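Student: Could you take me through one part of this protein in close-up? I would like to know what sits in the core and which charged pairs tie the chain together.

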Amino acid sequence: MNMEYETKRLELKILPDTAAAQVLRFYLDNQEIFEKYETDRIPNFYTEKFQKMLLQSEYNLAVKQTLIRFWVYEKGRTDRIAGTVSIHNIKRGFYQSCELGYKFDQEFWGKGYARESISKCTQIIFEELKLHRIEAYVLPENAASKKLLGKLGFELEGVKKQNVKLHGLWRDHELYALLEKDVLEKKEVIGPDSGTSNRILRC
């Protein structure tokens with residue numbers, strides 16, 4: 001696995017802790033939107049010190065292939081984070097599976113960047129991490145996210161009832177999944193990916 005990848009329009013990077021201020025800006029600019037769908041933040045979450053610590057931790061986890069978070073940029077615009085895609089809860093052995101998470105700055109909505117970057121990440125998951133299954137959990141009212149997963153080939157498998165406590169309430173989540181074989185079948189129709197990678201980190 002690598003530290004950096006490219007798609008036609010985007011750059012995906014595992015960031016060092018020196019990017020803490022930029023990451024903090026990303027969260028502050030989208031605080032109201034992101035917090036609707038996520039668990040309560042700890043008191044010091046919106047500080048540069050905490051984001052620096054988090055980036056250090058996530059870098060170490062990426063090396064171990066326990067959790068991998070890519071930060072997404074427009075090519076030629078590295079001053080502003082467009083979004084982030086995370087590959088977490090990676091299970092080996094008899095499972096060979098992971099969970100997918102993603103969020104994008106509202107300034108970059110409507111450009112297809114989420115689909116483009118997640119598509120690249122599914123390629124990394126199946127071809128480089130050699131996993132078999134990707135899962136994604138979505139709140140039932142999050143229509144945009146469900147539509148996005150559908151375009152990416154994910155299928156609705158069911159509902160996990162009251163599986164996460166959000167803002168004091170136990171909430172249901174819909175479970176979507178994508179299997180390696182589904183991507184391989186589509187590749188024969190779509191053709192090979194045109195993205196490139198920067199082979200810095202070998203895990």
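Tutor: Here is a walk from the core out to the charged pairs. Keep in mind that the model is predicted.

Start with the largest nonpolar core. It holds 37 residues. Six of them touch the most other members: Ile68, Phe70, Ile87, Ile125, Ile134 and Phe154. Several elements each supply at least two residues, including strands E3 (68–74) and E4 (83–91) and helices H4 (113–128) and H5 (143–151). Strands E2 (10–13), E5 (97–104), E6 (133–138) and E8 (169–179) do so as well. Helix H4 gives the most, with seven residues.

Now zoom in on Ile68. Leave out residues up to four places away in sequence. Ile68 then touches Met1, Ile14, Ala62, Val85, Ser86, Ile87, Ile90 and Leu129. Apart from this core lies another one, of 14 residues. Val23, Phe26, Phe50 and Tyr73 are among them.

Next come the charges. The count of salt bridges is 20. Take three of these pairs in turn.

Arg69 pairs with Glu58, and their closest N and O atoms are 3.1 Å apart. Arg69 lies in strand E3 and Glu58 in helix H3 (residues 48–63), so this bridge ties together parts eleven residues apart in sequence. Both Arg69 and Glu58 are buried.

Arg80 meets Glu107 in a salt bridge, at 2.7 Å from N to O. This pair links distant parts of the chain, 27 residues apart. Arg80 is in the loop between E3 and E4, while Glu107 is in the loop between E5 and H4. Are the two partners buried or exposed? Buried means under 20% relative accessible area. Arg80 has 11% relative accessibility, so Arg80 counts as buried. Glu107 has a relative accessible area of 38%, so Glu107 is partly exposed.

The third pair is Lys146 with Glu174, whose closest N and O atoms are 3.6 Å apart. Lys146 belongs to helix H5 and Glu174 to strand E8, so the bridge ties together parts 28 residues apart in sequence. Glu174 counts as buried, because its relative accessibility is 13%.

Finally, return to Arg80 and Glu107. Both belong to a network of salt bridges. Its other members are Arg25, Asp29, Glu74, Arg77, Asp79, Asp105 and Lys111.

Terms used:
Residues are numbered from 1 along each chain as its sequence is written. This is a predicted model: local features need pLDDT of at least 70, side-chain atom pairs count only at pLDDT 80 or more; totals for chains, interfaces and linings use all residues. Side-chain values use heavy atoms; hydrogens and water are left out. A nonpolar core is a set of buried Ala, Val, Leu, Ile, Met, Phe, Trp, Tyr and Cys residues joined through side-chain atoms within 4.5 Å. Buried means under 20% relative accessible area, exposed over 50%, partly exposed in between (1.4 Å probe, protein chains only). Helices (H or I, at least four residues) and strands (E, at least two) are DSSP runs, numbered from the N terminus. Contact means heavy atoms within 4.5 Å. A salt bridge is a side-chain nitrogen of Lys or Arg within 4 Å of a carboxyl oxygen of Asp or Glu.
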